[in-house]
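Thanks for making time this morning. I would like to walk through the open and enclosed spaces in one model, and then turn to a pair of helices.

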Amino acid sequence: GAYPDVSLTQAREAADRARALVRSGVDPIDQRDARKVEQAAAVVEEQRAGVTLRCAAEACLTSKRESFKSERAEQRWFMPVKNHILNHIGEAHPDDITAAMIAKTLSPIWNDKMETARQGLNRLIQILSHAQATGAISKGTNLEWMKTQARAELGEQARPHEDDHIPSLPWRECPAFYQNLPTTTAGLALRALMLTGLRSGALRFLRPEYIAHDHEGGPVLTV
């Protein structure tokens, strides 16, 4: 350092230490540079230790929040990741995620919940891509290649057999079926489904504020 930040006594002592290193065959400049590299690596490792896939997923979800049309749309986007990925590898560091790890995580639902599994895989890649773009993880991994490798390990998804389809209820039997539904939460939800023609997700994520009770014709559900 320059005077007066570094006194003459300190400068002489530093010079003596440098001469001693030279006499022992060590280049003081190389040693200084190596120390800087070690310090930088320690900082990176400290930052890395606090990052998990769960943190990366939440950060990605936050960045996409404005693009969702509703809270329900946000929940639907995150559900495959939350239910089938984070509960298995959520505490892993994103840099440690491999194609084999992804395949092992999704294999239980790959053929049983095919669409959910595909959504989970695609959204996981989006999460890792966001983490790379924001500098949370290194950019050394080719994520599209990882996705291709994971799909290769999982194999082709089995096509459903025609006889696996659940037959529809004949419309003439609907009134009796409706009347026989129990007054449980599930039964009432199914009645609402039949009356409104909504998809199940709209009812499963129904909130009290979606229903207006002050309408003169009776309660009104806003979809």
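Which residues line the second largest pocket? They are Ala 14, Arg 17, Ala 18, Leu 21, Pro 28, Gln 31, Arg 32 and Arg 35, and the elements that give two or more residues to this lining are helix H1 (8-23) and helix H2 (28-49). I should say that this is a predicted model, in which local features need pLDDT of at least 70 and side-chain atom pairs count only at pLDDT 80 or more, while totals for chains, interfaces and linings use all residues. Residues are numbered from 1 along each chain as its sequence is written, and side-chain values use heavy atoms, with hydrogens and water left out.

On a 1 Å grid over the protein atoms alone, a pocket is an open set of points with protein on both sides within 12 Å along at least five of seven lines, a cavity is a set where a 1.4 Å probe fits but cannot get out, and lining residues have an atom within 4 Å of a point.

The second largest pocket holds about 160 Å³ of space, and the largest pocket about 460 Å³. Of the 18 residues lining the largest pocket, Arg 76, Arg 199, Gly 201, Arg 204 and Phe 205 lie nearest its centre, and H4 gives the most to that lining, with six residues.

As for enclosed space, a search of the whole structure finds one cavity of 30 Å³ or more, with about 40 Å³ of space in the largest cavity; its lining includes Gln 132, Leu 143 and Met 146.

Those three residues also appear where H6 meets H7, counting contact as heavy atoms within 4.5 Å.

Definitions and conventions
Points joined across faces, edges and corners; volume = space filled by probe spheres on them. Helix = DSSP H or I, 4+ residues; strand = E, 2+ residues; numbered from the N terminus.
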